[in-house]
Structures are given as structure tokens and as C-alpha cells.
Amino acid sequence: MTKTQLRDHIRAQKRAMTQEEIAEKSRALTELFLATDAYRSANPLYGYTNYNQEVQTAAILEQALKDGKRVAVPKCYGEEMRFIWMEDLSKVEKGYANIP
């Protein structure tokens with residue numbers, strides 16, 4: 001299988017998932033991730049705000065903020081992507097293509 005075929009296959013699997021499946025798998029991944037030494041020692045933490053069928057990351061980002069970590073997420077300014085520091089996830093707004 002080529003890289004393109006693999007990406008198409010994974011994309012199709014993600015599209016077939018229900019919102020409930022995405023939420024459940026995201027909860028399980030969040031639990032596993034927060035229990036790792038890598039998470040505990042990370043500061044700052046660079047993440048992303050999820051879109052469509054991506055892993056839901058809000059719980060990880062919120063826990064990191066509660067744990068006193070600096071949290072940064074990418075934001076696009078035209079063709080340029082920069083990481084911005086987050087202090088409050090409730091201030092995240094949707095931008096280009098409705099991506100948070």
C-alpha cells in the first residue's frame with residue numbers, strides 16, 4: 001500500500017466513525033496520555049484544537065492548564081502558522097474553514 005493509499009484508507013475509517021466513537025476513543029487516549037511520564041515532564045505543552053474526526057484534545061489542554069503548564073496551539077495567519085499561548089480554552093474561536 002502506498003502512502004497515499006494508506007492516508008485515504010485511514011481518512012475513510014475516520015469518516016465512518018460516529019461522534020460517540022470519536023468521543024470514547026478520545027477519552028481513552030486522553031487517559032493514557034495524561035498518565036505518561038512524557039506528559040508529566042512536558043512544559044510547555046504544544047497541542048492543537050481538534051476539527052472534524054480528529055482526536056478531541058480539549059480535555060488534555062484543559063488538564064495541562066490546570067496542572068500549571070504553558071499550553072500553545074497553532075494558528076494560521078494566511079500562509080504562516082504560528083503557535084499561540086493559551087490561557088483559557090473558552091476564548092478559542094473558529095477561523096478559516098470553521099477550524100477552531
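Which residues form one aromatic cluster? The members are Tyr46, Phe83 and Trp85. The structure described here is a predicted model. Its chain holds four helices and three strands, and these elements run α-α-α-β-α-β-β from the N terminus on. The points below move from the chain as a whole to its aromatic rings, its helix H4, a loop, a surface patch and its salt bridges.

**The chain as a whole**

- Taken along the principal axes, the box filled by the C-alpha atoms is roughly 40 × 35 × 25 Å.
- Of the 100 residues in the chain, 19% are buried.
- The chain exposes about 7700 Å², and 52% of that area is supplied by carbon and sulfur atoms.
- Among the contacts with a separation of 6 or more, 52% are made by residues 24 or more positions apart.

**Aromatic rings**

- Three aromatic pairs are found in a search of the whole structure.
- One of them joins tyrosine 46 and phenylalanine 83 in an edge-to-face arrangement. The ring centres are 5.0 Å apart, and the planes make an angle of 85 degrees, where an angle over 60 counts as edge-to-face.
- Tyrosine 46 belongs to strand S1 and phenylalanine 83 to strand S3 (residues 80-86), so the pair ties together parts of the chain that are 37 residues apart in sequence.
- Both rings belong to residues that are partly exposed: tyrosine 46 has a relative accessible area of 48%, and phenylalanine 83 has one of 43%.

**Helix H4 and its surroundings**

- Ile60, Leu61 and Ala64 are the buried residues of H4.
- Viewed down the helix axis, these buried residues fall within an arc of 95 degrees, so they line one face of H4.
- The cover over the buried residues of H4 includes helix H2 (19-34) and helix H3 (37-41), together with the strands S1 and S2 (71-77).
- After H4 comes glycine 68, which has a positive phi, near 80 degrees.

**The loop between S1 and H4**

- Tyrosine 48 is placed in the loop that runs between strand S1 (45-46) and helix H4 (58-66). With 32% relative accessibility, tyrosine 48 is partly exposed.
- Glutamine 56 is also found in the loop between S1 and H4. Its relative accessibility is 28%, so it counts as partly exposed, the range for that term lying between 20% and 50%.
- Leaving aside residues up to four places away in sequence, glutamine 56 touches Gln19, Ile22, Ala23, Ser26, Thr30 and Asn50.
- From C-alpha to C-alpha, glutamine 56 and leucine 34 are 14 Å apart in space, while their separation in sequence is 22 residues.

**A nonpolar surface patch**

- Leu29, Leu32, Tyr48 and Val55 make a nonpolar patch of about 340 Å² on the surface.
- Tyrosine 48 can join this patch because its relative accessibility of 32% is over the 30% that a patch residue needs.

**Salt bridges**

- Side chains of opposite charge can pair when their charged atoms come close. The structure holds four salt bridges, and three of them are described here.
- In one of these, the side chains of glutamate 24 and arginine 27 meet at 3.1 Å, N to O. The two residues are three apart in helix H2, so about one helical turn separates them. Glutamate 24 is partly exposed, at 44% relative accessibility.
- Arginine 40 and aspartate 37 form another salt bridge, at 2.5 Å from N to O. Both residues lie in helix H3, three residues apart, which is about one turn of the helix. Aspartate 37 is exposed, with a relative accessible area of 56%.
- A further salt bridge joins arginine 82 to glutamate 80, with 3.2 Å between the closest N and O atoms. Arginine 82 counts as partly exposed at 39% relative accessibility, and glutamate 80 counts as partly exposed at 42%.

How values were computed: Residues are numbered from 1 along each chain as its sequence is written. This is a predicted model: local features need pLDDT of at least 70, side-chain atom pairs count only at pLDDT 80 or more; totals for chains, interfaces and linings use all residues. Side-chain values use heavy atoms; hydrogens and water are left out. Patches are made of residues with over 30% relative accessible area and no salt bridge: like charges are joined within 9 Å, nonpolar side chains (Val, Leu, Ile, Met, Phe, Trp, Tyr) within 5 Å. Accessible areas come from the Shrake-Rupley method with a 1.4 Å probe; for residues, only the protein chains shown count as cover. Buried means under 20% relative accessible area, exposed over 50%, partly exposed in between (1.4 Å probe, protein chains only). The arc is that of the directions from the helix axis to the C-beta atoms. Contact means heavy atoms within 4.5 Å. Rings of Phe, Tyr and Trp (its six-membered ring) pair if their centres lie within 6.5 Å; planes under 30 degrees apart count as stacked, over 60 as edge-to-face and the rest as tilted.
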